[in-house]
Amino acid sequence: MYIYNVTINVDPSIHNAWLEWMNQIHIPQMLGTRKFSSARMCRVLVEEETGGFTYAVQYQTQSRKQLEAYYKEDAARMRQDGFDRFGEAFVAFRTELEIISDHQ
């Protein structure tokens, strides 16, 4: 299993609109690609020196093959939608994580 982790710092001027878009449009569209089995949004509690609100959104996928398919087939369109709506009022950093063990 893999996690596609996107950490986003959001300017306060768009915070509410961005949060609504993420929850009602973007995350459902990401899951709609059928490349990810689940998604989790977390607020980062450490305050950034630059201000704003920071979130980590984690999309879980079964394989690197599915993640690569997302990059090839969907990533550019999904990223462009956020930019078209909010411009440079947010900054995103993306990382890939491999789940080694899961304890519950």
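Colleague: Which residue of β3 does Thr7 stand opposite?

Modeller: Thr7 faces Ala56 in β3. Before we go on, this is a predicted model, where local features need pLDDT of at least 70, side-chain atom pairs count only at pLDDT 80 or more, and totals for chains, interfaces and linings use all residues. Residues are numbered from 1 along each chain as its sequence is written, and side-chain values use heavy atoms, leaving out hydrogens and water.

Colleague: Good to know. What makes β1 and β3 a pair?

Modeller: Two strands pair if DSSP finds at least two bridges between them. β1 and β3 have nine bridges, in the antiparallel sense, so they meet the definition. Strands themselves are DSSP runs of E with at least two residues, and helices are runs of H or I with at least four, numbered from the N terminus.

Colleague: And how are the four strands ordered in the open sheet?

Modeller: The order is β2-β3-β1-β4, with antiparallel pairing. β2 (38–43) and β4 (90–98) are the edge strands because each has a single partner strand, which leaves one side of each without a neighbour in the sheet. On average, neighbouring strands are turned by 20° against each other, direction ignored.

Colleague: Which helix packs on the sheet?

Modeller: Helix α2 (residues 64–73) does, touching β1, β3 (53–61) and β4, and its direction makes about 40° with that of β1. Contact here means heavy atoms within 4.5 Å. Axes are lines fitted to C-alpha atoms, for helices over the stretch in contact, and angles run from 0 to 180 degrees between N-to-C directions.

Colleague: Back to β1, then. Why is Asn5 called buried?

Modeller: Asn5 lies in β1 (residues 2–10). Its relative accessible area is 8%, and buried means under 20%, exposed over 50%, partly exposed in between (1.4 Å probe, protein chains only). Therefore Asn5 counts as buried.

Colleague: What makes the link between the side chains of Asn5 and Gln58 a polar contact?

Modeller: The distance is 3.4 Å, and the definition asks for a pair of N or O atoms within 3.5 Å; within protein, one must be able to donate a hydrogen and the other to accept it, and residues adjacent in sequence count only if both atoms are side-chain atoms. Asn5 also makes a side-chain polar contact with Thr7, at 3.1 Å.

Colleague: Is Ala76 buried or exposed?

Modeller: Ala76, in helix α3 (residues 75–86), is exposed because its relative accessibility is 60%.
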